[in-house]
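Trainee: I have a two-chain model open and I'd like to go through one part of it slowly. Could you take a close look with me and then show me how that part sits in the rest?

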Amino acid sequence: MSGFAKPLKIALGLAVIAALIVVPMNFNRYGLFILSQWAVMAIAAMGLNLTLGYAGQVSLAQGAFVGIGAYAAAIMTTHGWPLPAAIVVAIALSFAVGWVLGYPALRVQHHYLAFVTLAFSTLAFLVFRNESWLTGGIYGISNIPRPHIFGIATNKPLPFYYVCLGSLAIVSLAVWWLIRSPWGRAFMALRENPLRAQSLGIDTRRYTLMAFAIGSALGGVAGALYAPLTQYIDPVPFNLSLSLDLLMMVIVGGAGFFLGPFLGAMIAVLLPEWLRFTEGYYLMLYAIAVMGLLIWSPTGILGILDRYLAERRTKAASALRAVAKSRLETVQ
Amino acid sequence: MSAVLEVTDIKKNFGGISAVGGVSFDVREGEILGLIGPNGCGKSTLFNCILGQLTPSGGEVKLDGKIVTGLRPAELNKLGVSRTFQLLQVFPKLSVRENLILAGQEHQGSMASRLVGRSDAGLTGAANQMIGFFKLDHLADEPAGGLSYGQQKLLDAAMAFMGGPRLVLLDEPAGGVNPSMLTDLKERLVAINREKNATFVVIEHNMEFVMSLCSRVMVMAEGKVLAMGRPDEVRKNPAVIEAYLGH
């Protein structure tokens, strides 16, 4: 991405952030709901991007962790606990469960790992549905309260949108820090060449477990925001199709790119809304668009940008070499 | 001189086939030991058994007198045993400098300290020094995957030295490297061996390279040690000549 000048990138980033704060002020209830949903799904997708995009561990269970976080928050806040406490519990719970789910990844990889995590996803769904003493079963949990943040009630859609957006900002900064740290480098080493990584002293076991645990914990954060957003949860939104949706967000946005999940979540959450005018055809158009994109660029939308910039750099470098060569020749 | 590495009766079977059939040798502190033999004689398998990448079917490996058989590669690496690979094993998407930082980062501090600490783990200086030492300066910011084969080989070797290892096992460092770069590589290896007192074991098919680099040479054939000695002794050994030239 070094093709863009740094000040330009910063200005662009600030403009997007300002737009996300200012523009929704005029949105109606539904528009704010969709945008809040985008922020929540972007958090969950960022978690999966860490596990899958950076550390290379396939997971079809991210939706289950959103469910774990959502139920933790719903149960706690309906019993009078404040949302921040519920978020902490959601993080701890999904971190611990994610850590345990990481163990199979030490033995199996790729589609075998996908099947193990898929089985876990189904298991989690069955727990949400059948353990009615805790989760309310198929009737779910209703009247989930929205929090008071610094004494301000967030019952209305706009303040709660800012809660989601603020959480997204905090998570983004944390993930940015993580992937720039030596841990991020070790995750990439895990993805690119685990054999070589081991011979360089990288404890691949512990980093694999960490990749699962941290990615899952972010799924939990997303869930803990999802519950007060919808104010009613039942098991259905957390079935396998949410895991598949999140996987698609990561792949379509660009796995292993920091901004991938933001784009992917935007497409998955907003595009169906924009295509609503096509009525019955929107899912079809959506499916065709995704297939077309992945044929054109298997590395997602950011993969296209990355390739373009890499090409430009190569051209610039070879032009420089040609100039240097011709100078050398004129000297001779 | 004391032995850094003592290998006793290492065996490795794959199913019914014996790839390494009871190999014993020791590596003295500060020496460069060559390991030669025809293709398929078990050299790389022996390396993998020593380094914990394969579990030996029998035998024992001692590092500085302590048994290290069965330790995982990452644990051995932290004890100061490093390696290079026969086939290219750099991280193609990371830059040359990032590859080197990665190669050194796990050798300092705890895992937690690496999460909160600096992005480069304080290794940019050491990485740049290594880049200069291997004359890769103009390529420092290039993705490693874009380098030529020989340059990637140099980087692979440089990575093995980032953690300041005591013992380095090099698997065909000269394979596919052009002759002018080969002289460079040999100079670098000799310099690190002398200055840092690092001990090397080198698998190599390039006889001239081995004979001029190593103080002792071990010859393997069909999973066993055929001969061990100074390069000039080994070169004259009739059993070695027969193993290489056949009847």
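Leaving aside its neighbours within four places in sequence, which residues is Met41(A) in contact with?

Mentor: Happy to. Before we zoom in, keep in mind that this is a predicted model. The predictor gives the complex an ipTM of 0.90 and a pTM of 0.91.

Now to your residue. Once you set aside the neighbours within four places in sequence, Met41(A) is in contact with Ala222(A), Met249(A), Ala265(A), Ala268(A) and Val269(A). Click through those five on your screen and you'll see where Met41(A) has its partners. Met41(A) also belongs to a bigger group: the largest nonpolar core has 168 residues, and Met41(A) is among those with the most contacts inside it, along with Ile43(A), Ala73(A) and Val221(A). There's a general pattern to remember here: in soluble globular proteins, nonpolar side chains tend to be buried together.

Let's step back to the whole of chain A. Chain A has 14 helices and 2 strands. Its radius of gyration is 22 Å, close to the 20 Å that the globule rule gives for 332 residues, so chain A is as compact as a globular protein of that length. If you draw a box around the C-alpha atoms of chain A along the principal axes, you get roughly 85 × 50 × 45 Å. Of the 332 residues in chain A, 44% are buried. Now take the contacts in chain A between residues at least 6 apart in sequence: 77% of them join residues at least 24 apart. The Met41(A) contact with Val269(A) is a nice one to look at with that in mind.

Next, where do the two chains meet? On the chain A side, 19 residues are in contact with 26 residues of chain B. The elements of chain A that give two or more residues to this side are helix H8 (182-192), helix H9 (194-199) and helix H10 (204-230). H8(A) gives the most, with 6 residues. Sort this side of chain A by class and you find 7 nonpolar, 6 polar and 6 charged residues.

Cross over to chain B and the make-up is 10 helices and 10 strands. The radius of gyration of chain B is 18 Å, close to the 18 Å from the globule rule for 247 residues, so chain B too is as compact as a globular protein of that length. The C-alpha trace of chain B spans about 55 × 40 × 35 Å along its principal axes. Buried residues make up 43% of its 247 residues. For contacts in chain B between residues at least 6 apart in sequence, 66% join residues at least 24 apart. Chain B averages a pLDDT of 91, and 99% of its residues score at least 70.

Some of those strands are worth tracing with your mouse. In chain B, 4 strands form an open sheet in the order E2-E1-E4-E5, with antiparallel pairing. Strand E2 (17-28) and strand E5 (66-67) of chain B are the edges, each pairing on one side only. Strand E1 (residues 3-14) of chain B pairs with E2(B) over 9 bridges, and Glu6(B) has Asp26(B) in E2(B) as its bridge partner. Further along, strand E9 (residues 216-221) and strand E10 (residues 224-229) of chain B run antiparallel and are joined by 5 bridges. Val217(B) stands opposite Gly229(B) there. E9(B) and E10(B) form a hairpin with 2 residues between them, and Glu222(B) in the turn has a positive phi of about 50°.

Finally, try two residues of chain B side by side. Leu170(B) lies in strand E7 (residues 167-171) and is buried, because 25 other C-beta atoms lie within 10 Å. Not counting residues up to four places away in sequence, Leu170(B) touches Thr84(B), Ala157(B), Phe200(B), Val202(B) and Ile203(B). Glu142(B) lies in the loop between helix H5 (124-133) and helix H6 (149-161) of chain B. With 16 C-beta neighbours inside 10 Å, Glu142(B) counts as partly exposed. Leaving aside neighbours within four places in sequence, Glu142(B) is in contact with Ser95(B), Val96(B) and Leu147(B).

Definitions and conventions: Residues numbered from 1 in each chain as written. Chains lettered and ligands numbered in written order. Predicted model: local features only at pLDDT ≥ 70, side-chain atom pairs only at ≥ 80, totals over all residues. Contact = placed C-beta atoms within 7 Å. Nonpolar A, V, L, I, M, F, W, Y, C, P; charged D, E, K, R; others polar. Pairing = 2+ DSSP bridges. Core = buried A, V, L, I, M, F, W, Y, C linked by C-beta atoms within 7 Å. Buried ≥ 20, exposed ≤ 12 C-beta atoms within 10 Å, placed from the backbone. Rg over C-alpha atoms; globule rule 2.2 N^0.38 Å. pLDDT = per-residue confidence, 0-100.
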